[in-house]
Amino acid sequence: MLKCIGRYFKQIAKSVRANGAAGSGGEENADDFLGCLNIPLNEIPVVGYDKWFKLEPRSSASKVQGECHLILRLFSSQRDTTLSKRESNVNIHKKILSQILEYEHSHIQVEPYNWNGQVSPPAWTVLSHHAAQADLSPLQQAIIRWQCYSSHHRSQRMCYSLLLRLLRTIDAEWDSAAVHGELGSHLADSFGSYIEYCLGLIKNMRQVFPCSNSAAVIRCELMLSVLSVYSFRLRYVWGPAHSLKAVLKEVEQQVKHSSSAMDVIAYFCQVRELWAQLAWPDSSGAFIFITRLTDVSAPHPRWTLKRYIQHISLSPDSINNDEAVSPLMKYLDNTLVILSESLVKENLSRVLQSLWEVVLRMIQDTVAENRGVQAEFYTRFQYTVEALVQFFHAEGEGLALENLKSGDYKVLEEELRLNKCSSFELIEQYFLEKISQQRILKHSKFGRVSVKCYYDAPEQRLTVEILHAADLIALDANGLSDPFVIVELCPHHLFPMAKSQRTQVKLKTLHPVFDEFFYFHVSPEQYRHRCACLTFTVMDYDWLSTNDFAGEAVAPLSDFCWPGRPNATPAGKTVQPFILHLSRQKPSGRVPSVPERMLEARTGEREAQEFVRRLKEIEKSMEEE
C-alpha cells in the first residue's frame, strides 16, 4: 500500500514538472497540477485512516482547493519476534495492557476513583487482536485484566466497581484445571498485593473512608465487596489453610485488644487445628465443611433476629403482646450495650440504621408469609413495630423519627393496617385507590367517555346520561370494535339492590354515540361513603366468544350527589358533561394492589373471592385477545 502511494506521489511530481515545461512552451497536453498531500507515516494511527484530506499547494503562489478521500491501512509482511521468543504470550499481553492503561488514564480528566477503566477503540483493537493471535482463553484474559487493573489502581485510584466486575468475570469463567503454573502463581501474587493494599487502607479507615463522606462510605462498601469475592476465589489459589493463616495473622496484629476479635481468633484457631488434623486434599470440599463449622460455632445475627421474630408470629393468643415481644427486645438491648461501648457515635448510628432496616424487612417477610390469618396476628406485629420504634428512637438519643418512619416502615405500617381490615373494608380501599388514580389521569391512549350525572334529592334518584365515547382501541380483526358501556354502582355491598345496566352495542366504530339514560336509587347514607362511585366499563361485543375489555373509568358520587353541588339542584340537567379517560392494564404488565393481594389470600371468605373472581374475568378477557 505504501509503495502504491509512493508511485502515486511520483506521478504528481512528474505532472508538476511537465506542467512547468508546458508553461515554457513544451508539450501542450501535459497534466495539470491540482494539489498534493503530505502524510507522515509516524502519524498514521494503528487503525489507519478513512477520511477526507485537504489538498495542499506546492508553493505559496499556487492556488489549490478541494479535498481528497483516502483509505489508508498499515500492513507488515514481517514482525519482530524477539520479545515473543523471550516472554510468554500471557506476559506480553500483560505488558501491552499495562502500557495502555498508563497512557489512557493519563489522557483523561476525571476525579480519583471515577475512571471506569474504559480504553479507546484503537487500544481495544490492539488488545483483542493480540489475544486472538496468542490464543488466550477468556479466563486468561480476565485474570490478566485483574492483575493489570488492580496493580494500576494501587497508584492511580480507579473505580472500585470496576474491580468488583473484573473479579466476578474471573468467577464466572473459573476453571480450576486451567489455573496452574505461572498463571496461578501470578494470580496469587496479585491477590496478595491487593489484600495487603486494602488492609493498609483499613488501618487508616477513619482518614481514608470518613463516615461523613457518603462517596467514601460507598467506596469502602465496594472495597469490602471486592474482598468478599476475592476471599472465596483465594481458597482455590492458595488453599484454605493458607487463607486462614493469613487472616488470623492480620486479626491478631491489628485488633488484638478487642474482645470480639479475640472470639474470632478463637474460632479460627479451632478451625485451623481441625484442618491440620483432617489434612484433606480437596480444597472445595474442605471449604464447605469449614463454612458449616463456623456457621455452627458463630451464629449470624440475622438468624438470631429471625428466630425471635418467628417466636412472635408463633406465640398463641393467650400470651399478651409484652411477653411475645420481650425476647426480641432483650436481645436488641444487650446488642445495643455492646455496640455503644465499641463504636463511636457516627458508626453506631449507621449500624443501628442498618439493624433497623434488617428487622423491618424480616417482619415484612413474616407478614407476607402469613396473609389471610386472623386480625390478632397483625395487631401483635403492629405492637411490635411501635415498640421497636420507641427502642431505636430512645427518647431522642437514638435514631431520628423521620429516619425510622420512612421507606419500608410506611409500607409495613400500611400492610398491617389493611390486613386488620374486613373484606368489605379492603374492597372499599380498592375503590378509593381507583378514584385517586382516576383524578390524576388527564390523558389516555385507550380513549374516553363523555357522561352527564345529576341527582334528584327529593326522589333520591341519580340520573346517568352516557353521551358518547371517542378514540377507543380496536379489538376486532377489521381494525374496529363493537363497543357498549356497562354502568354500575360500586362497591356492591354498599348498593345491594342496585343492578348493573348497559347501553346498546354500536357496531364497527371507535367513536360510538349512545345518548342513553340510566336511573339509580341512591340514598344520602349511600352517597356519603368516600368510596361510593359509578364505574363505567367499556366492552367490545363478540358474537362467538366472551366480550373483550376495552377500558374502565370511575366517578365518585360525592362529585354530583352532595347538597350544594350543581348536579344536585333542579338545574342539574343543564350542567355540562364531563370527560372520563379510560384505563386498561394488561395482567402481564400490572402489579396487583395491596388490597387485591390481601383479598386473594382470603380463600375462606365468600365476599373476597367473589370480588377477586370478577377481576380475574376481566384479566382473562384481555389474555384471550
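## Bridges between strands 3 and 10

Two strands are taken as paired where DSSP finds at least two bridges between them, and it is in this sense that the pairing in this predicted model is described here. Strand 3, which covers residues 448-456, is joined to strand 10 by four bridges, and the two run antiparallel. Within this pairing, Val 451 has Phe 578 of strand 10 as its bridge partner.

## The sheet 7-4-3-10

Strands 3 and 10 belong to an open sheet of four strands, whose order is 7-4-3-10 and whose pairing is antiparallel. Strand 7 (513-521) and strand 10 (578-581) lie at the edges, and because each has a single partner strand, one side of each is left without a neighbour in the sheet. From one strand to the next, the twist of this sheet averages 30 degrees.

## The sheet 6-5-8-9

Another open sheet, also built from four strands, follows the order 6-5-8-9 with antiparallel pairing. Its edges are formed by strand 6 (501-502) and strand 9 (548-556), each of which pairs on one side only.

Strand 8, made up of residues 533-540, pairs with strand 9 in the antiparallel sense, and eight bridges connect the two. Asp 540 stands opposite Asp 548, a residue of strand 9.

## Helix 19 on the sheet

Helix 19, spanning residues 423-440, packs on the sheet 6-5-8-9, where the helix touches strand 5 (483-490), strand 8 and strand 9. The direction of helix 19 makes an angle of about 90 degrees with the direction of strand 9, the edge strand that pairs on one side only.

Key:
Residues numbered from 1 in each chain as written. Predicted model: local features only at pLDDT ≥ 70, side-chain atom pairs only at ≥ 80, totals over all residues. Heavy atoms only, no water. Axes fitted to C-alpha atoms, helices over the stretch in contact; angles between N-to-C directions. Contact = heavy atoms within 4.5 Å.
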